[in-house]
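Dear colleague,

I am passing on a structure that you have not worked with before, and I would be glad if you kept it open beside this message. The notes after it go from the whole chain to single residues.

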Amino acid sequence: MPAIRGLFETHLTVRDLDRSIAFYRDVVGLTLAHRVPGRNAAFMWIGGAGKGMLGLWSIGTSPLTQRLHFSVGVTLDDLLAAPAKLRAAGVTPRDGEQPVVVGWMPAASVFFDDPDGHSVELITMLPDEPRPDVAWMPHARWLETRR
């Protein structure tokens, strides 16, 4: 098997394709790559053209939904600024005003929901040593307790 270099694309079902395109373009900052009207689908570039892709597939008015999760990598500076920028765009970060840290990786993340309830995570790996004893803590506290 070839060595895997990373995840290239993931797909979500959405109720309103235009609303989701606007959300991922205007709030998350992705670029529309291609729209397929005949299939009621759209593709958004992640990290620039050819780097990664998010597929959005309209389920229309179906009452069936599934809540999915995906994460995208960002810089630490952008992650620290994300809660305020999300709030300014009318989106509530799930963990308050600062990123949370998962110690075993270690990585800092900001979580929020898209208009269909899918969980979106902005994540950055931290340069610190892993701490398997730390399940989850606010970033500011992580900085205070680093070894």
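**Overall layout**

The protein chain contains 3 helices and 9 strands, and you should keep in mind throughout that this is a predicted model. Followed along the sequence, these elements come in the pattern β-α-β-β-β-β-α-β-β-β-β-α. Taken along the principal axes, the C-alpha atoms of the protein chain fill a box of roughly 55 × 45 × 25 Å. Of the 147 residues in the chain, 37% are buried, and the chain exposes about 8700 Å², of which carbon and sulfur atoms supply 56%. If one takes the contacts between residues at least 6 apart in sequence, 53% of them join residues at least 24 apart. As for charge, there are 15 positive and 16 negative side chains, and the centres of these two sets lie 3 Å apart.

**The nonpolar core**

In soluble globular proteins, nonpolar side chains tend to be buried together. In this model the largest nonpolar core has 28 residues, and those with the most contacts inside it are Tyr24, Met44, Leu54, Leu56, Phe70 and Phe112. The elements that give two or more residues to this core are the strands S1 (9–14), S3 (41–45), S4 (53–58), S5 (69–73), S7 (107–113) and S8 (119–125), together with the helices H1 (17–27) and H2 (76–88). Helix H1 gives the most to this core, with 4 residues.

Which residues does Phe112 touch, once its neighbours within four places in sequence are left aside? Phe112 is then in contact with Phe23, Val28, Leu86, Val91, Thr92, Pro93, Arg94, His118, Ser119, Val120 and Leu122.

**The sheet that contains S7**

Strands of a sheet pair through backbone hydrogen bonds, either parallel or antiparallel. Here 5 strands form an open sheet in the order S5-S8-S7-S6-S9, with mixed pairing. The edge strands are S5 and S9 (137–138), each of which pairs on one side only.

Strand S7 deserves a separate look: 6 of its 7 residues are buried, so S7 is largely enclosed by the rest of the structure. Strand S6 (residues 100–102) runs antiparallel to S7 and is joined to it by 3 bridges; among the bridge partners, Val102 is matched with Ala107, and Val101 with Ala108. S6 and S7 form a hairpin with 4 residues between them. The loop between S6 and S7 holds Pro106, and the peptide bond that joins Met105 and Pro106 is cis, with omega about -20°.

S7 is also joined to S8, by 7 bridges, and these two strands run antiparallel; one place to check this pairing is Ala108, which stands opposite Thr124 in S8. The hairpin of S7 and S8 has 5 residues between the strands, and within this hairpin Gly117 takes a positive phi near 85°.

**Pairing around S4**

Strand S4 is joined to S1 by 6 bridges, and S1 and S4 run parallel; His11, for instance, has Gly55 in S4 as its bridge partner. S3 and S4, by contrast, run antiparallel and are joined by 5 bridges, with Ala41 standing opposite Trp57 in S4.

Asn40 lies in the loop between strand S2 (31–36) and S3. Although Asn40 is not a glycine, it has a positive phi of about 50°. Is Asn40 buried, exposed or partly exposed? Its relative accessibility is 34%, and because this value falls between the 20% and 50% cut-offs, Asn40 counts as partly exposed.

**The last helix**

Helix H3 (residues 139–145) includes Ala140. At 35% relative accessibility, Ala140 too lies between those cut-offs, and therefore counts as partly exposed. Although Ala140 and Val100 are 40 residues apart along the chain, their C-alpha atoms are separated by 8.6 Å.

If you would like places to begin, I suggest Phe112 with its contacts, then the cis peptide bond between Met105 and Pro106, and then the positive phi of Asn40.

With best wishes

Definitions and conventions. Residues numbered from 1 in each chain as written. Predicted model: local features only at pLDDT ≥ 70, side-chain atom pairs only at ≥ 80, totals over all residues. Heavy atoms only, no water. Core = buried A, V, L, I, M, F, W, Y, C linked by side-chain atoms within 4.5 Å. Buried < 20%, exposed > 50% of the residue type's maximum accessible area, 1.4 Å probe, protein only. Contact = heavy atoms within 4.5 Å. Pairing = 2+ DSSP bridges. Areas by Shrake-Rupley, 256 points an atom, 1.4 Å probe, with all protein chains shown as cover. Lys, Arg positive; Asp, Glu negative; His and termini not counted. Charge placed at Lys NZ, Arg CZ, Asp CG, Glu CD.
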